[in-house]
Amino acid sequence: METIIIDGDNEQENTEILQEMDVDPNEIVPKTNLTIAEEKKNEGNEHYKAQNYKQALRLYSDAITICPETPAYYGNRAACYMMLGDFKSALADSRHSIFLDSKFEKSYIRIVKCCLALGDIVGCEQAIKKLLENDPKNLAVNVELENCKQLRALEGKAFSSYNQKDYRTALYHTDGCLKYAPASLKYKLLKAECLVLLGRIGDANDLAVLCMQADSSNAEAVYVRGLCLYYKDNLEKGLIHFERALSLDPDNKNAREMRFKAKNLKEKKELGNELFKTGKLRDAQTAYTEALVIDPTNKDMNSKLFYNRALVNSRLAVHADAVRDCTSALDNNPAYLKALILRAKSHNAMEKYEECVKDYEAALKMERTSEIKNLLKEAKHSLKLSKRKDYYKILGIDKYATDNDIKKAYRKRALVHHPDRHANASDEEKREQERQFKEVGEAYTILSDSQKKSRYDNGQDLDEDHSGFDPNQMYRQFFQYSAGPTFGFSFN
C-alpha cells in the first residue's frame, strides 16, 4: 500500500480528510515541519534557478518561518536578496546564518561580497580575516580581497580631493568607488554632493532623492537634498532640510554651515525686497550688496540678487551700474530674460543703441512676444537715428532754434571752418577743416528748409548724398544775400 504523508499540524482537519479518503490512520506518516520547510526550500531553489527571485524569496522566507534554526535557509535567502540588490538584508541573513553555524563558509563569502557592495571596507576585511582563520587555504576570497584594496585606495583619493575642493577629481574617484560598491549610500551621497558643487543640480537631486528613499533617517542624505534645494533658489525648503539633518546628526558641520548661509541669505534678500518696495533704494542697494557676498557659488540666487540690484540702480538712474549688474546676473544664469531686457533698456538710456539692439535680438530668440518685437523695432530706429549726422549739434543749436538762430549759427560756423582761414595749417588739419566746413553747409541746407527740417525731425529718411553739394557755392550765395562780411576770403 502507498504511504500517505499529510500535514500533521491540524489533527481535526486531518481526521476529516482521512475519513473522506477511507484510509486507515495507522497507515499514515505525519509530515514534519522540517519536511515541509525542505519542500519550500527546494521549490524556492527552482524559482531561483529560473531567476524568479521574488518568488524564491517568499518561499525561502516560508521555510525560515517553519524552521527558523536552519542556517542554510538564511544562506539561500541571502543569495536571493543579493540578486535583488538588497545587500543590507542579505548581510543580515548571512550574519544570522553564521550565528547559527560559525563554520558556514558560504555565508562568510556572502558577508564579504555584501560588505564590499555596501562600501563597508572594515567589515569586508574582518570577514575575510575570519574566513581565512577558519580555512587558511581558501582561495575563494582572493578576488574580493584585491577589490577591497582597490576600493580603499579609491576612497582615499576621493575624500582627499573633496577636502581640497577639487570636486571634479573627487567625482571621478567616487565613480570608481561605486563600480566596486554599487550599493554604498556613502559614495552615492559623496557623488551627489560633488555634482551639486559642480552645478549639476538635477543629477544631484535625483541621486539624493534615491538615497533618502533608501534611508530617510540618513542625515547626510537629508543634507545633500537640502543642498540641491538651496542651489535651486529654494532657500526655505533648503533651510528646513539643513535643520532636519542637524536634528539627526548634531555634529554635522556642513549642515550647520549651510543652515547659517541659507538663513542669512534669506533674511538679506527679503530685507532688500522690502526696502525696494518702500522706496528706500539706497538701503535696498546695500542689502542686496551684503547678500551677494554671502555665497558667491549660489548662481541661481546671485543672479536674482544682481537683477534686483540692477533694478535699484536703474531707478537711481545709475545706468552703467545697472548694465554691470545685469551682465553679472546673465553670467550666473544665461537664460535670465528679465535681466537681458533690463540691460537693453539701460543701454538705451545710455544711448548705446547697438548694444541695446543686440540685447533685444537675444531676448527675442528666448521669447518671441509682441512686446519684445516692438522694443527691438524702437531700438533699431534709435540706432538708425544715432548714426545720422546731428545737424543741430554741428551748428551748435537745439531743436527749437528759429530760422534766424539757424542763419546766425551757420554764419559763425562757416567762418570758423572755411578753408581759406586755415591756409597755413598742416595738410591733415586742412582736410579736417574742409570736412567740417562741408558738414556745416549740409546742416544749413537741411535745417533752413522747413520741409526737409520737418522730415529730419521726424526721423524720416533724407537724401543725404551730397556728392553734388558745393559748400563754397552755398557760402557765396549765403553771404551774397546776407548783410554780413566775408572777411576778405577768396574762393577758387
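Leaving aside neighbours within four places in sequence, which residues is H347 in contact with? In this predicted model, where local features need pLDDT of at least 70, side-chain atom pairs count only at pLDDT 80 or more, and totals for chains, interfaces and linings use all residues, the partners of H347 are V323, K352, E355, C356 and D359, contact meaning heavy atoms within 4.5 Å. Residues are numbered from 1 along each chain as its sequence is written, and side-chain values use heavy atoms, with hydrogens and water left out. H347 belongs to helix α18 (residues 337–349); helices here are DSSP runs of H or I with at least four residues, numbered from the N terminus. The relative accessible area of H347 is 10%, so this residue counts as buried (under 20% relative accessible area, with a 1.4 Å probe and protein chains only).

Confidence comes next. The protein chain has an average pLDDT of 88, and 89% of the residues score at least 70; pLDDT is the predictor's confidence in each residue, from 0 to 100. Values stay under 50 over residues 1–8, for which the model has 21 contacts beyond four places in sequence. Residues 483–492 also stay under 50, with 21 such contacts in the model. Where pLDDT is low, the predicted coordinates should not be read in detail.

Helix α4 (residues 71–83) offers a neat check on geometry. Its 13 residues should span 18 Å at 1.5 Å a residue, and the end C-alpha atoms are 19 Å apart, which agrees; the expected span is 1.5 Å times one less than the number of residues. Eleven of the 13 residues of α4 are buried, leaving the helix mostly covered. Among them are Y73, Y74, R77, C80 and M82. The buried residues of α4 pack against α2 (33–49), α3 (53–66), α5 (87–100) and α6 (105–117). After α4 comes G85, with a positive phi near 80°.

Turning to the pockets, the largest holds about 390 Å³ of space. Fifteen residues line this pocket, and K165, Y167, L197, E257 and K261 are the closest to its centre. Helices α8 (142–163), α10 (185–197), α12 (219–231) and α14 (253–277) each supply at least two lining residues, and α14 gives the most, with four. A pocket is an open set of points on a 1 Å grid over the protein atoms alone, where a 1.4 Å probe fits, with protein on both sides within 12 Å along at least five of seven lines; lining residues have an atom within 4 Å of a point. Grid points are joined across faces, edges and corners, and the volume is the space filled by probe spheres set on the points.

Notes: Buried means under 20% relative accessible area, exposed over 50%, partly exposed in between (1.4 Å probe, protein chains only).
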